[in-house]
2 protein chains.
Amino acid sequence: MTDPDMQTDTDHPLAVRKETLHDQVASRVRDLIIEGVLEPGSRIDETTLLSQLGVSRTPFRESLRTLAAEGLIVIRPSRGSQVRKLSPLEVHSMLEVLAHLEGLIGRLACERASDAEIKGMLDLHRRMIAFYESRNRLPYYKLNQEFHSRLAALSGNPTLVEIQANIQARLKRIRFMGNATPEHWANAVSEHEEMISALKSRDGPRLSSVMERHLVNTWERVQDSL
Amino acid sequence: MTDPDMQTDTDHPLAVRKETLHDQVASRVRDLIIEGVLEPGSRIDETTLLSQLGVSRTPFRESLRTLAAEGLIVIRPSRGSQVRKLSPLEVHSMLEVLAHLEGLIGRLACERASDAEIKGMLDLHRRMIAFYESRNRLPYYKLNQEFHSRLAALSGNPTLVEIQANIQARLKRIRFMGNATPEHWANAVSEHEEMISALKSRDGPRLSSVMERHLVNTWERVQDSL
DNA sequence: GATCTGGATATTATATACAAAATCGAAACG
DNA sequence: CGTTTCGATTTTGTATATAATATCCAGATC
């Protein structure tokens, strides 16, 4: 057979991770999509983007494949790629799954997180509240993303982390819209208060149910704007 | 996570789907991995496979990117690809997530499936039982995969379908092992009986819990063989 | 003997060239 | 007028060529 050299990275932790051009391009385009520079449904013109990014077609096209597998774009053979446009039904289906997964995240986090990690979450929460009180929307939003990602990490389940991140990426813009009105935002914040309280007391079932509700509410909040 | 494109498809339903070389290669290699021809942890020698498949490097490498995004292989920059080898912890994490998702699938299927669809599942189940009774393992296994995929489809949630398929693909060989001994197999079958009974009476919570248990048991059954 | 160094060899990454489709528009036709 | 057909143009798909990087092994050094 082939050589048994393990994929258990023999790399040094500090070794500078060499990033291939492909990965850079993928990240770059991913950001363009997530930030809405490339609008949903819009065609991706290879030549334009190509010259803009200053790379050749090979790494660029490879990165398109990656993004397609991630569900951010759609490639139609011989007819080019476009930024994936989510139908309301698809958005709903993602939120339905995400809500359910966050339920699991909540339960596992309560079981598995260390005291220090919980403390870290409390701190993060406090910073979010500060931004809320100063109505500083963008930084709040960023911390919110981090809040959910970190909680996922506390579940100790790498698959959960990966899938949550993927769905989160696909929904990023939409979730941002979810805090559109002052009332919506206030509701979201109070749900976060509940989460923190449940996490602090390691009440898995309660955290689980709050998180599910939180996402379901996001759907309510977002629904109209589709 | 592959996604049959279906964007604003202006395609005729009957239009022959033109498959790009890339996709063919991806499917081909995916099968090689899933069927274990390419063993976990083994290095993927580009030149060898290349000549074997009779395609040039461009589509081949693109397909590797796809498979990497699907989590079936690992690409280390400048150092080649290898078939992803799952640690017991990773397998456990996938089964934990899958169990939870199948719980959701069970509940939603009971709410949303049509009578005809449920009938179809009963029929599928009957065929599985026949193969079980004749101890025809491979066909049983295939129908089992189909059973779970179809149930996912009955949830009416495309995201759920996609993610379930992805995890299923990653775990395919392992799940096969799950029915290794006669007792294991018998247990799995009796769990299926329960599922069918719950589905027939549209008892969402019950189906949900049986399905979760089914997967957790798979973990128990498989654990030693890692 | 063990580790280090340098360069030959093999492998991967990127760029470019070429081929095959699809798109678009103008002219021909009904 | 509207539809169809054909070809020029653009865009995509695949192959190959070149550059960059890693791997491996022999010889040098301690």
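At roughly what angle do the axes of helix H2 and H3 of chain A cross? This predicted model gives the answer in the opening view, and the other close-ups follow from there.

**View 1. Helices H2 and H3 of chain A cross at roughly 115°.** Here's H2(A), residues 46–53, with its axis coming within 10 Å of the axis of H3(A). The crossing is right-handed. On the H2(A) side, look for A:Glu46, A:Leu49, A:Leu50 and A:Leu53; H3(A) meets them with A:Arg57, A:Phe60, A:Arg61 and A:Leu64. Sort this contact by class and you get five nonpolar and three charged residues, with no polar ones.

**View 2. Protein residues gather around DNA strand D.** Count 17 residues surrounding the strand, with A:Arg57, A:Arg61, A:Ser78, B:Leu21 and B:Thr58 the closest. You've already met A:Arg57 and A:Arg61 in the H2(A)–H3(A) contact. Of the DNA strand D atoms that come within 4 Å of the protein, 64% belong to sugar and phosphate. As for the mix of residues on the protein side, seven are polar, six charged and four nonpolar.

**View 3. Helices from chains A and B supply residues to the surface near DNA strand D.** H3 (57–70) of chain A, H1 (21–34) of chain B and H3 (57–70) of chain B each put in at least two residues. The biggest giver is H3(B), with three.

**View 4. Chain B makes polar contacts with a base and with phosphate oxygens of DNA strand D.** Zoom in on B:Thr58 and you'll find an N or O atom of its side chain 2.6 Å from a base nitrogen. B:Ser56 also uses a side-chain N or O atom, but its partner is a phosphate oxygen, 2.9 Å away. With B:Leu21, it's a polar backbone atom that sits 2.8 Å from a phosphate oxygen.

**View 5. Helices H4 and H6 of chain B pack at about 60°.** H4(B) covers residues 88–112 and H6(B) covers residues 137–154, and their axes are 7 Å apart. Why call the pair oblique? The angle is about 60°, and roughly perpendicular only starts at 65 degrees while roughly parallel needs an angle under 35, so this pair lands in the oblique class. H4(B) passes H6(B) in a left-handed crossing. From H4(B) come B:Glu102, B:Ile105, B:Leu108, B:Ala109 and B:Arg112, while H6(B) offers B:His148, B:Leu151, B:Ala152 and B:Leu154. That makes six nonpolar residues, two charged and one polar in the contact.

Definitions and conventions
Residues are numbered from 1 along each chain as its sequence is written. Chains are lettered from A and ligands numbered from 1 in the order in which they are written. This is a predicted model: local features need pLDDT of at least 70, side-chain atom pairs count only at pLDDT 80 or more; totals for chains, interfaces and linings use all residues. Side-chain values use heavy atoms; hydrogens and water are left out. Axes are lines fitted to C-alpha atoms, for helices over the stretch in contact, and angles run from 0 to 180 degrees between N-to-C directions. Helices (H or I, at least four residues) and strands (E, at least two) are DSSP runs, numbered from the N terminus. Angles under 35 degrees count as roughly parallel, over 145 as roughly antiparallel, 65 to 115 as roughly perpendicular and the rest as oblique. A crossing is left-handed if the near helix is turned anticlockwise from the far one by less than a right angle, and right-handed if clockwise. Contact means heavy atoms within 4.5 Å. Ala, Val, Leu, Ile, Met, Phe, Trp, Tyr, Cys and Pro count as nonpolar, Asp, Glu, Lys and Arg as charged, and the others, Gly among them, as polar. A residue is near a molecule or strand if one of its heavy atoms lies within 4 Å of it. A polar contact is a pair of N or O atoms within 3.5 Å; within protein, one must be able to donate a hydrogen and the other to accept it, and residues adjacent in sequence count only if both atoms are side-chain atoms.
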